[in-house]
Amino acid sequence: MTMSVTELNAISPIDGRYRGKTEALKDYFSEEALIKYRVLVEIEYFIALCEIPLPQLADFDATKFPELQKIYSDFSAEDAKAIKEIEKTTNHDVKAVEYFIKQQFDALGLEKYKEFIHFGLTSQDINNTAVPLSIKEAMNDVYVPLYFGVFEKLKELAKEWENIPMLARTHGQPASPTRLGKEIEVFVERLKEQFNLLNDIPSAAKFGGATGNYNAHQVAYPENDWKAFGKQFVQEKLGLHHSFPTTQIEHYDHMAALFDCLKRINTIYIDFNRDVWTYISMDYFKQKIKKGEVGSSAMPHKVNPIDFENSEGNLGLANAIFEHLSAKLPISRLQRDLTDSTVLRNVGVPFAHTLVGFQSTLKGLNKLVLNQEKFEQDLEDNWAVVAEAIQTILRREGYPNPYEALKGLTRTNEKITQKSIADFIDTLEVSDTIKSELKKITPANYTGV
């Protein structure tokens with residue numbers, strides 16, 4: 001007895017706990033979606049052969065092309081089930097697609113043309129166009145809008161908090177002050193740079209027969225320029241980059257580059273999540289409280305930074321899988337082995353965890369409440385950080401051994417305050433004008449450009 005998959009009995013949290021957050025990906029990475037993309041490629045390939053035209057297809061009525069395209073545009077769950085039923089006999093997923101389309105040709109009265117379905121192709125001509133096409137469309141339709149949702153929120157907060165002075169910490173210790181908005185802008189710029197690199201990576205596909213040389217095409221129709229045909233079909237019909245020459249399979253170098261870039265973007269967000277988590281632990285941020293929510297099962301006072309933790313965990317999972325995909329896919333024994341096939345079926349998994357991560361970061365950002373008093377208090381409690389400013393001005397003025405003088409003042413166990421800094425300045429053998437300049441420096445205004 002088979003049981004339908006629900007959020008409660010799914011093995012993977014992607015199809016269980018997180019189904020609502022990842023459901024948009026099912027149209028690109030589910031088994032049904034993969035089958036639909038295969039049908040699309042087969043149909044468009046047949047139409048492209050008609051447009052050459054091959055002699056046996058010269059009399060094909062071009063007005064029937066829209067009917068053929070409806071086979072994939074109207075593709076249903078029932079169609080997918082029919083193909084899976086055929087696969088029980090063929091034990092070959094792509095061959096099952098071919099037989100399904102032949103059945104559709106029979107139904108349309110196009111029996112005489114059906115042997116030109118999958119003509120001269122190997123299954124990888126279909127898989128290595130269907131999968132890159134699904135990734136490209138998932139990127140454009142799902143990933144990019146959510147990426148920009150988080151990215152624009154970061155830009156908004158960088159602007160909103162651009163004038164909030166903040167004590168910096170290097171090695172975990174108080175350091176030269178900065179501004180909260182600028183620290184967020186660091187992540188904005190990093191993300192922008194990686195997204196620009198992402199846009200430069202082509203969605204590449206292989207199309208060239210059993211060993212990439214158009215052997216079957218060439219032997220049947222040697223007068224045709226099959227390399228030009230393949231390039232035109234892949235690039236103009238499918239909107240992908242044509243990889244040539246290849247073995248039986250796409251070499252996946254471009255896909256690996258895509259996964260590596262997505263991994264770097266995720267790593268930047270992990271870095272950001274950890275910083276915000278730390279700021280919350282330092283009480284720089286409070287979090288909006290939602291009625292009915294529980295922070296801890298035992299400690300009623302707690303409001304935990306769970307959104308940033310959830311994001312970090314999911315992005316880490318995504319990166320582990322992106323790492324394996326980018327390391328494994330470009331490697332194949334001789335003209336091909338089958339290891340890429342089972343690995344490619346998991347392409348949607350890191351995208352799903354990435355989506356969960358992005359949504360969690362965005363949710364967490366929308367709950368942040370700035371605790372400005374804590375920012376101000378930390379600055380006030382760390383007057384020692386203006387020592388850098390004082391010694392630099394003294395260097396400018398040619399004062400002897402300024403670094404050593406400030407080191408003697410600050411590297412003690414005594415607390416440095418505004419008064420102790422002012423008293424130290426009064427002992428310096430510099431003009432009153434310089435002393436006045438030095439006394440104007442505070443932790444709150446020593447924030448650079």
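Here is a quick tour of this predicted model, from the whole chain down to a few residues in its helices.

**The chain as a whole**

The protein chain holds 19 helices and 6 strands. A compact globule of 449 residues would come out with a radius of gyration near 22 Å, but this chain has 31 Å. Along the principal axes, the C-alpha atoms fill a box of roughly 100 × 55 × 40 Å. Buried residues account for 47% of the 449. As for the outside, the chain exposes about 22,900 Å², and 52% of that comes from carbon and sulfur atoms. If you look at contacts between residues at least 6 apart in sequence, 77% of them join residues at least 24 apart.

**Two nonpolar cores**

The largest nonpolar core has 114 residues, and the members that touch the most others are Val-39, Phe-46, Leu-68, Ile-135, Phe-259, Tyr-269 and Phe-351. Helix H7 (residues 123-160) gives the most to this core, with 17 residues. Take Phe-351 as a way in: beyond residues up to four places away in sequence, Phe-351 touches Leu-25, Phe-29, Ile-135, Met-139, Phe-259, Leu-262 and Phe-322. Apart from that core lies another, of 19 residues, including Trp-383, Val-386, Leu-409 and Ile-441.

**Two polar residues in helix H12**

Which residues does Asp-307 contact, leaving aside neighbours within four places in sequence? They are Ser-360, Thr-361, Lys-363, Gly-364 and Lys-367. Asp-307 sits in helix H12 (residues 306-328), and Asn-319 is found in H12 too. Here is how they come out on accessibility:

| Residue | Relative accessible area | Status |
|---|---|---|
| Asp-307 | 6% | buried |
| Asn-319 | 10% | buried |

Asn-319 counts as buried because its 10% relative accessibility is under the 20% cut-off. Its side chain makes a polar contact with the side chain of Asn-266, at 3.1 Å. Asn-266 also shows up among the residues Asn-319 touches beyond four places in sequence, along with Leu-262, Lys-263, Thr-267 and Ile-270.

**The buried side of helix H15**

In helix H15 (residues 372-380), Phe-375, Asp-378 and Leu-379 are buried. Why do they lie on the same side of H15? Because they cover an arc of only 100° around the axis. The general rule behind this is that an α-helix has 3.6 residues a turn, so residues three or four places apart point the same way. What covers the buried residues of H15 includes strands S1 (165-170), S2 (173-179) and S6 (368-370), plus helix H8 (180-199).

Terms used
Residues numbered from 1 in each chain as written. Predicted model: local features only at pLDDT ≥ 70, side-chain atom pairs only at ≥ 80, totals over all residues. Heavy atoms only, no water. Helix = DSSP H or I, 4+ residues; strand = E, 2+ residues; numbered from the N terminus. Buried < 20%, exposed > 50% of the residue type's maximum accessible area, 1.4 Å probe, protein only. Contact = heavy atoms within 4.5 Å. Arc of directions from axis to C-beta. Core = buried A, V, L, I, M, F, W, Y, C linked by side-chain atoms within 4.5 Å. Polar contact = N/O pair within 3.5 Å; in protein donor to acceptor, adjacent residues only side chain to side chain. Rg over C-alpha atoms; globule rule 2.2 N^0.38 Å. Areas by Shrake-Rupley, 256 points an atom, 1.4 Å probe, with all protein chains shown as cover.
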